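Me: I would like to learn how to read contacts, cores, helices and pockets in a protein model. Please give the general idea of each, then the case at hand.

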Amino acid sequence: MSNAKQQTADELLKQITGHWAGQIAHAGVKLGVFEALADAPRSADAVAETLELDPENTYRLLRALGTLDFLQERSEGTFEITEKGALLSSEHPQSFRSAVLLEHGYEFPAWTHLPKLVRTGQADGFKEEYGHSGYEYTEIDPEYAEVFDQAMTSNSEMEAAAVLDVLDNGDTLTGVSHLCDVGGGRGYLLSRLLQEHANLTGEVLDLLSAVKEAGAVPEKMGVADRITFTGGDMFESVPQADGYIMKHNLHAWSDEECIQILQNIQAAAPKGAPVLSAEYVVTDSSTDFTKLYDIKIMVATGGRQRTLEEYDALFSRAGMKLAAHHEADDQLISVVEGRTA
């Protein structure tokens, strides 16, 4: 086999086996390996004893995690957590633990339904697998709801800075005194906005399961006195405000569902209010990640990543208008700005 053909075959094999890494990381997270190694290097036998695992298979798992640079196997036979591995510990302030549990635990079986979704034109592999959409499942399974909310908060911590940079470069929030985050979970993004804009008060609308124990994030960020949490259903109504923001919300829904959310905002908001949607927008220059993420959303929620033209159509059908598209330098996420009529 020529070098070029061998390189192609190697790349193909890497893609075919790509899920191995995620599943190995998931096992480490699920079993508590990263917490067991958080304080000091330990042998596989010691980790197995602490976590009540099989010693031989524990060593094999730790060795594989070392291959993936989550751990480092030391010469004396112990394993030490790496900087990357520390991000999978529940004790890390920017932990990716819940993201791994969501992607490679709850959502992983939903991928087996992808051929059917493409064949039939249906969407939502999660519902095919569990009998309920992820939105509904948060009300059924408290553990799933906790994992989902933590994963979304972790995602917000990574992307909030880019969203704030985009909004700070213009006059988008000029005239806004009360901002509502629709589907805002534990309020991380809204809390960051309140930190940057001392004139703002804020309100998070999300399911009761998401907001009933919220409050720790804004308390930690020093804005608890300017933020409220409302349990409700965005498909029925939204609180009154003079500005609205959503992050990775509209992408989770069909066009008709998005229009219902936007129409509810239109009904509650004054004329000319900004309606901001932070998303991965599909453009001619979109990275491969955005196009792959579109399939992940098809599988996980039944939604889609949209083009700017598709967002324009959504706003128009909801009685609004597309006002601007704010892109962040070297960032996947951007902000689509609509205005109420």
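Reply: Start with contact, which means heavy atoms within 4.5 Å. This is a predicted model, in which local features need pLDDT of at least 70 and side-chain atom pairs count only at pLDDT 80 or more, while totals for chains, interfaces and linings use all residues. Residues are numbered from 1 along each chain as its sequence is written, and side-chain values use heavy atoms, with hydrogens and water left out.

Me: Which residues does E139 touch, not counting residues up to four places away in sequence?

Reply: E139 touches L207 and S209. The C-alpha atoms of E139 and L207 are separated by 8.3 Å, although the two residues are 68 apart along the chain.

Me: Where is E139 found, and is E139 buried, exposed or partly exposed?

Reply: Helices (H or I, at least four residues) and strands (E, at least two) are DSSP runs, numbered from the N terminus. E139 is found in the loop between α10 and α11. For exposure, buried means under 20% relative accessible area, exposed over 50%, and partly exposed in between (1.4 Å probe, protein chains only). E139 has a relative accessible area of 48%, so it is partly exposed.

Me: How do I read a nonpolar core, and which residues of the largest one touch the most other members?

Reply: A nonpolar core is a set of buried Ala, Val, Leu, Ile, Met, Phe, Trp, Tyr and Cys residues joined through side-chain atoms within 4.5 Å. The largest one here has 31 residues, and V163, L167, L173, L179, L193 and I245 touch the most other members. At least two residues each come from α11 (142-168), α12 (188-196), α13 (208-211), β8 (274-279) and α16 (288-300). Helix α11 gives the most, with six residues. Another core lies apart from this one; it has 30 residues, among them F34, A36, L71 and F126.

Me: What does L179 touch, again not counting residues up to four places away in sequence?

Reply: Its contacts include L173, L190, L193 and L200, and also G243, Y244 and I245. Residues T201, G202 and E203 are touched by L179 as well.

Me: How do I check a helix, and what does α15 look like by that check?

Reply: The expected span of a helix is 1.5 Å times one less than its number of residues. Helix α15 (residues 255-268) has 14 residues and reaches 20 Å from its first C-alpha to its last, close to the 20 Å expected. Its buried residues are C258, I259, I261, L262, N264, I265, Q266 and A268. They pack against β4 (178-182), β7 (243-247), β8 and α17 (308-317).

Me: How many of the 14 residues of α1 are buried?

Reply: The number is zero, so α1 lies largely in the open. Its end C-alpha atoms are 20 Å apart, which agrees with the span expected for the 14 residues of α1 (residues 3-16).

Me: How is a pocket defined, and what is the volume of the second largest one?

Reply: On a 1 Å grid over the protein atoms alone, a cavity is a set of points where a 1.4 Å probe fits but cannot get out; a pocket is an open set with protein on both sides within 12 Å along at least five of seven lines, and lining residues have an atom within 4 Å of a point. Grid points are joined across faces, edges and corners, and a volume is the space filled by probe spheres set on the points. The second largest pocket has a volume of about 790 Å³.

Me: Which residues lie nearest the centre of that pocket, and which helix supplies the largest share of its lining?

Reply: Of the 30 lining residues, E146, D149, Q150, T153 and R186 lie nearest the centre. The largest share, eight residues, comes from α11. Helices α7 (97-106), α11, α13 and α14 (216-220) each supply at least two residues of the lining.

Me: How does that lining divide by class?

Reply: Ala, Val, Leu, Ile, Met, Phe, Trp, Tyr, Cys and Pro count as nonpolar, Asp, Glu, Lys and Arg as charged, and the others, Gly among them, as polar. The lining has ten nonpolar, eleven polar and nine charged residues.

Me: What packs against the buried residues of α7?

Reply: In α7, S98, V100, L101, L102 and Y106 are buried. The buried residues of α7 pack against α2 (18-31), α9 (125-130), α10 (134-137) and α11.
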